[in-house]
Amino acid sequence: MNGIFLTLEGGEGCGKTTQLERVAEALRASSGREIVTARSPGGTAVAEKIRDILKKPETGEDLLPETELMLFGACHAQMCEHMIRPALARGAVVISDRFTDSTLVYQGCARRIAPETVARVNDFVCRGTRPDLVIVLDIPVELGLRRAKGRDAGAKQDDRFDSAPVAFHTAVRNGFLELARRDPGRFAVIDASPSEEQVTRSILEAIHARLAIL
Ligand code: TMP
């Protein structure tokens with residue numbers, strides 16, 4: 001049986017992390033398949049260490065967009081080799097909270113590195129491993145930021161990405177919508193503003209519609 005690779009993407013406060021757990025649970029119950037969850041940046045011992053460098057400003061040293069690109073690339077290389085490819089080879093369904101489409105959008109559209117450069121790094125580190133379906137949880141920027149702030153109160157002020165200006169988050173939102181517009185066969189955009197239950201239902205419908213085997 002072939003493995004299936006799904007990702008959940010979207011801006012801050014779109015509810016990806018909650019939805020990932022809910023969708024994984026529903027698929028575990030309904031599909032009878034092994035379901036593996038992952039998160040980027042993170043998911044392996046080395047990638048979790050890199051996550052700390054990327055998310056926390058505590059060194060006080062400014063991280064260049066180029067440095068971010070390389071560090072996210074390193075995370076994705078480790079994830080592909082040590083988690084995703086082995087799971088897919090076993091026939092599992094892998095669901096990742098973010099992956100390389102975040103790199104295209106955050107380091108490309110928002111940090112303004114040329115999209116071809118980001119795409120080349122993604123191809124280099126993933127060696128052909130790419131999501132079969134990308135679910136974009138779309139939410140207006142202000143609502144997403146309000147939700148993210150309410151969720152994590154103080155912690156989020158220390159997060160290099162959450163504390164970025166609104167224009168950054170707007171570029172992220174538009175970036176995901178543009179990727180989805182260009183590749184509608186591989187992307188599904190879901191409105192993330194309704195209730196958690198409704199959003200889970202919409203995600204599962206999109207998965208069943210695109211990947212009839214699940
Ligand atoms: P999150 O796990 O709370 O979503 O935090 C991950 C942050 O890292 C989020 O703000 C998006 C950002 N990010 C990138 O900038 N590029 C990437 O390739 C990935 C995977 C995440």
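**View 1. Helix 7 gives the most to the lining of the largest cavity, with 4 residues.** This is a predicted model, as are all the views below. Two other elements, strand 4 (133–138) and helix 6, join helix 7 in supplying at least two residues each to that lining. The cavity holds about 120 Å³ of space, and a search of the whole structure turns up just 1 cavity of 30 Å³ or more. Look for Gly 11, Glu 12, Ile 139, His 169 and Arg 173: of the 15 lining residues, they lie nearest the cavity's centre. Sorted by class, the cavity lining comes out as 8 nonpolar, 4 polar and 3 charged residues.

**View 2. Here's the ligand with the residues that come nearest to it: Glu 12, Lys 55, Arg 98, Thr 103 and Gln 107.** They belong to a set of 15 residues around the ligand. By class the shell splits into 5 nonpolar, 5 polar and 5 charged residues. Glu 12 turns up again from the cavity view, where it was listed among the residues nearest the centre.

**View 3. Zooming in on ligand oxygens and the polar side-chain atoms of Glu 12, Arg 51 and Arg 98.** For Glu 12, a side-chain N or O atom sits 2.9 Å from an oxygen atom of the ligand. Arg 51 has a side-chain N or O atom 3.1 Å from a ligand oxygen. With Arg 98, the distance from a polar side-chain atom to an oxygen atom of the ligand is 2.8 Å. On its own the ligand would expose 480 Å², and the protein buries 95% of that. Helix 2 (45–55), helix 3 (65–89) and helix 4 (100–110) are the elements that give two or more residues to the shell. Helix 4 has the largest share, at 4 residues.

**View 4. The largest pocket is the space taken by the ligand.** Its volume is about 660 Å³. Of the 35 residues lining this pocket, Glu 12, Lys 16, Thr 17, Arg 98 and Arg 151 are the closest to its centre. Helix 1 (16–31), helix 2, helix 3, helix 4, helix 6 (141–152) and helix 8 (196–210) each put at least two residues into the lining. The class count for this pocket's lining is 9 nonpolar, 12 polar and 14 charged.

**View 5. Next up is the second largest pocket, with about 510 Å³ of space.** There are 21 residues in its lining, and Asp 101, Leu 104, Ala 119, Asn 122 and Leu 179 lie nearest the centre. Helix 4, helix 5 (115–126) and helix 7 (166–182) are the elements that contribute two or more residues here. Helix 4 also supplies at least two residues to the lining of the largest pocket. By class, the second pocket's lining has 8 nonpolar, 6 polar and 7 charged residues.

**View 6. Two backbone details to pick out: a cis peptide bond before Pro 41 and a positive phi at Arg 98.** The bond from Ser 40 to Pro 41 is the cis one, with omega near -5°. Pro 41 is in the loop between strand 2 (35–39) and helix 2. Arg 98 isn't a glycine, yet its phi is positive, about 75°. You'll find Arg 98 in the loop that runs between strand 3 (93–97) and helix 4. This is the Arg 98 whose side chain has a polar atom 2.8 Å from a ligand oxygen.

Terms used. Residues numbered from 1 in each chain as written. Predicted model: local features only at pLDDT ≥ 70, side-chain atom pairs only at ≥ 80, totals over all residues. Heavy atoms only, no water. Near = heavy atom within 4 Å. Polar contact = N/O pair within 3.5 Å; in protein donor to acceptor, adjacent residues only side chain to side chain. Areas by Shrake-Rupley, 256 points an atom, 1.4 Å probe, with all protein chains shown as cover. 1 Å grid on protein atoms, 1.4 Å probe; cavity = no way out; pocket = protein on both sides within 12 Å on 5 of 7 lines; lining within 4 Å. Sits in = over half its atoms within 2 Å of the grid points. Nonpolar A, V, L, I, M, F, W, Y, C, P; charged D, E, K, R; others polar. Points joined across faces, edges and corners; volume = space filled by probe spheres on them.
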